[in-house]
Amino acid sequence: MKFDSQEVKNKQQGLTSKKHKKTTKKRVKVVKYILLTLLSIICIGVCTGLGVVVGAAKSTPDITEVNVLPTMYPSVILDDAGNQMIKLSMAGSKRTEATSEEIPDRLKWAFVDIEDERFYQHSGIDPVGILRAIIDNLKGTKEGASTITQQLIKNNVFETGGRERSTGSLIKRKIQEWVLALNLEKQMTKDEILVTYLNTINLGGGNYGVKEAAKYYLNKDLSQLTISECAVLAAITQNPSANNPALHPEKNRQRMNAVLANMLENEHITQAEYDEAMADNVYDRISTISSSTANSSIYSYFVDALLEEVLEDLQEDAGYTYAQAYNAVFSGGLTIYSTQNTQAQRIVETELNNEENYDTVDISYSISWDLSVKKKDGTMRYYNQTAIDKYYREELENEDYRLNFDTKEEADEEIARFKETILESGDEITYENVVYTLQPQASFTLMDYTNGHVLAIVGGRGEKKYNLSQNRATNTTRQPGSTFKIVAAFAPALDTGACTLATTFDDAPFRYGHTDKYIRNWWGDEYRGLHTIRDGIRDSMNIVACKTLYYIGASQCIPYLQSFGYKHIDEQEDANMATAIGGITHGITNLENCAAFASIANKGEYIEPTFYTKIVSRDGKVILEKNQDRHRVIEEETASLLTNAMRDVVRSGTGVKCAIDAAPLAGKTGTTNNTYDIWFVGYVPNGLCSCIWIGYDANGITIQDPNMQKPFYSRVMNQLVEALDRGDGSFEMTGDIVQATVCNKSGLRPNEFCGDDPGGSCIITEYFRAGTVPADTCEVHEKVKICKETGMIANEFCPKDQVEEKIFRVRPNDVDGTEPKGTTPDSQYEKPKEECKIHNKDTATSTLPPETTESSDTGLKKVTVNGVELTSPPYALTVSAGTTTATIKATASDPNATIKGTGTKELAIGSNTFKITVIAPNGSSKSYNVVIVRPDDPTDPPTDPPTDPPTDPPTDPPTDPPTDPPTDPPTDPDETTNEEP
């Protein structure tokens, strides 16, 4: 900007005017006031902060009074009656101390380089590390700055370390931690601090200290550890649960790589050692089972599951670190109020280990095996049972090989044969361990469905040798078989109102979606024709279950399964018809299955299962009360209807042998393809729900007796009901339930012919949720004039004495809109499709009078849906996914006829049937069905479903229920994924 001389003069006068001077003085005063205020606030903040620091520092306990080793107050677990079950202590936990000389330098450096690389330079706190952590956190990378000395104090001194409820408490504890760290460094040497840290650090799997962890994961003494193995152990500390090398090797590997990189950068290993460690596939030899992990205090499967839940909740709900949670549980003097009913636990343990319950199958053994070999060139090689399995499957191309042996001696011989293939002259075996496990295995869960309390649980049979070992009831996922028909297909169908217990589906040949693969029933290649959903539940009918899910839309099952508490459902892969019969991607646990059916027993409300109610500290304060998830999964009426139908499973269906004398029982059987897994889950009216599973740990081995779980379950449950005095009560229909008369071949109101069905009356009384009683009348039964000579529909030329009226069934179009397929029991009663051909005007001596009640020209001439002209009956069309309505138009061949039933129709996912009626001028009428199929949205039916069921003994059709009920329909292992335990 430019000014001339006059403008400059005017500007100067304005700056020196009185008005401008007054305005400037006011602004200066305001600025001074603001600066003084800010300075005062800063001074007050600094003084306050100094006061907090000084106060926290003064309240820090004297270092001579601090014990950096965990306190040793044993915790106790009480059962549901308040009786002491077990006393927990570090002596009974997996913790063993090592001397400094026992811990190799490479292991010490592995921990130092990843946790506190300036450990030998700082005096307890590391300002450089704090600054680095601040910068990293500002960049979005979460990093801590605690030194090894601080970690030792935080884990073992402060009872609230890391779980403070307020910022003030956190600051106070952090200041005290710094003061103690500085003082501890004056009282102990660096090596003493490091060794104490390495002896008390949590290393996952319930292991404390490097000595115990080395034995647990690698079956080695500390002196035998390689650099890669040292790095694996050091990688655990950041998150002992997520970085557990046995359970999450990929997570541990990421952290291990960082450990090795730091060791190389700090020149604690050479480049050659780094390269060798990175190339070492250490995870192939990590084992979670070792003879050295056994101790004198072996917990029950219930206590194992309880400890896992308590440790997890202390971290998630109370803010503990894993180390703090573990120390608190094993040496913090806690009182844990469990839900275990000791009498029930004893009954289940006894029966699952009673050999008489397995007398219909041959006993066999699986193995867990570890071998360490020192080669003649000094290098080490490690092998386990996986190496044997891989050798036979891949190198010898024996895909059917299983690590399952008739005797222990046979297992030993197999191991010996394998060792011959790997051992060379000069090799030395430095370690070998083999563990034999009885097969088949079993698991059992008992819950009180009114409160979600787990009363008893057993995760395996045979001697339990290790704590926190494999629990087949809580940690092993398997395919659920036909137990899933209830929760995946029938519960959603009834709950959404899309179906009722009387809804019928044609048990006839049916493909999985758009594939060429047919669904098969467990009893073989025969079909049973039109049957209700109640029949499908009672007799575990595969095709009825799959058609039900197809009808409502396969994706409908996903939110229901998740709400039922199944944690391993794949939203994309499991949204298909195979899920209706248990063909899912990742399997389920016994506990999940029990809790899901418990929610049906509990009138549709899911209550998260729990093993404890509260945890109380040594001074009597409640640390944690269990806050269980509660939510409604299905309506009360849906639960009542399912329970009533599952009573039939036990009274006359596939679960007759599961029935108990002590109380009424409702439940569902389950069997997977080739009888790899067998299940039963059931409940009684007075609060008890239980689930049994039997199978082989090596998934893929057929159980010799596919029905053995049924009398087994009955024996266990009878004792449990009587012991817990839960035999009272009966199953009552609750909620807004009504009864109505329907036809069991159509699921609709009976017409005048349903009672005279050639196979017997089809009129039944069924339960319905109010508002779902069908309004339409049966269209399956029809009276037709038949020529007795030909058996065809009589024409006008058939002799009167050869014409009779008979009741027939008209099989409706299938759920996908196609014509009915295959031969079923309905076929013999099906209405003839053609008129008599032998009688005509040339042969007629006496003819039928011409029909006067119907116009010969009445009929549909053309039908269009959304502008697309349909062909002749069945007038079927598949519309695009996402379509919600369809417009039906029709033209009759008689231009004077009246047409009813056309117009715009709302479409549900699946098959939609609409009736069009053509009324002739003389009042006679004809009806036609238009079937519109709206595909599942957004996913289509499965593209690779299971087809082959196991060979189970056939039974009579549902009209004559089996006296020796069959096993349930399986899924096909060639088409679905069965998870290895």
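**Exercise 1. The end of helix 8**

Which residue follows helix 8, and what is the sign of its phi? Find out also how far helix 8 is covered.

*Solution.* Keep in mind as you work that this is a predicted model.

Step 1. Go to the end of helix 8, which spans 210-218. The residue that follows is N219, and its phi is positive, near 55°.

Step 2. Now look at the helix itself. Seven of the nine residues of helix 8 are buried, so the helix is mostly covered. Those buried residues are V210, E212, A213, A214, Y216, Y217 and L218.

**Exercise 2. The largest cavity**

Find the volume of the largest cavity and the elements that line it.

*Solution.* Step 1. Start with the count: there are seven cavities of 30 Å³ or more. The largest cavity has a volume of about 70 Å³.

Step 2. Next, take its lining. Eleven residues line the largest cavity, and those closest to its centre are L218, R285, D370, S372 and Y382.

Step 3. Assign the lining to elements. Helix 8, strand 6 and strand 7 (380-384) each supply at least two residues. Strand 6 gives the most, with three residues.

**Exercise 3. An aromatic pair**

Classify the ring pair of W369 and F418, and say which parts of the chain the pair ties together.

*Solution.* Step 1. A pair of aromatic rings is described by the distance of the centres and the angle of the planes. The count for this model is 23 aromatic pairs.

Step 2. For W369 and F418, the ring centres are 5.9 Å apart and the planes stand at 85°. Planes over 60 degrees apart count as edge-to-face, so this pair is edge-to-face.

Step 3. Place the partners. W369 belongs to strand 6 (residues 364-374) and F418 to helix 16 (residues 408-422), so the pair links parts that are 49 residues apart in sequence.

Step 4. Check the accessibility. W369 has 0% relative accessibility and counts as buried; F418, at 3%, counts as buried too.

Step 5. Widen the view. W369 and F418 belong to one aromatic cluster together with Y383, Y391, Y392 and Y401.

**Exercise 4. Charges over rings**

Which ring does K190 lie over, and which ring does K464 lie over?

*Solution.* Step 1. K190 lies over the face of F119, at 4.5 Å from the ring centre.

Step 2. K464 lies over the face of Y301, at 5.2 Å from the ring centre.

**Exercise 5. Two cysteines**

Explain why C754 and C778 form no disulfide.

*Solution.* Step 1. A disulfide is a covalent bond between the sulfur atoms of two cysteines. The cut-off for the two sulfur atoms is 2.5 Å.

Step 2. The cysteine sulfur closest to that of C754 is in C778, 3.6 Å away, which is too far for a bond. Seen from the other side, C778 is in no disulfide, and its nearest cysteine sulfur is that of C754.

Step 3. The count for the model agrees: zero disulfides.

Step 4. Are the two cysteines buried or exposed? C754 is buried, with a relative accessible area of 0%, and C778 is buried at 6%.

**Exercise 6. A sheet and a hairpin**

Work out the strand order of the open sheet that contains strand 28, then inspect the hairpin of strand 1 and strand 2.

*Solution.* Step 1. Strands of a sheet pair through backbone hydrogen bonds, either parallel or antiparallel. Here four strands form an open sheet in the order 26-25-28-30, with antiparallel pairing.

Step 2. Find the edges. Strand 26 (868-869) and strand 30 (903-906) each have a single partner strand, so one side of each is left without a neighbour in the sheet.

Step 3. Take one pairing. Strand 28 (residues 885-892) and strand 30 are joined by four bridges, and T887 stands opposite T904 in strand 30.

Step 4. Turn to the hairpin. Strand 1 (residues 75-78) and strand 2 (residues 84-88) run antiparallel, joined by four bridges. S75 stands opposite L88 in strand 2.

Step 5. Five residues lie between the two strands of the hairpin, where G82 takes a positive phi near 85°.

Note on methods: Residues numbered from 1 in each chain as written. Predicted model: local features only at pLDDT ≥ 70, side-chain atom pairs only at ≥ 80, totals over all residues. Heavy atoms only, no water. Phe/Tyr/Trp six-rings, centres within 6.5 Å; stacked < 30°, edge-to-face > 60°. Buried < 20%, exposed > 50% of the residue type's maximum accessible area, 1.4 Å probe, protein only. Lys NZ or Arg CZ within 6 Å of the ring centre and 35° of its normal. Pairing = 2+ DSSP bridges. 1 Å grid on protein atoms, 1.4 Å probe; cavity = no way out; pocket = protein on both sides within 12 Å on 5 of 7 lines; lining within 4 Å. Points joined across faces, edges and corners; volume = space filled by probe spheres on them.
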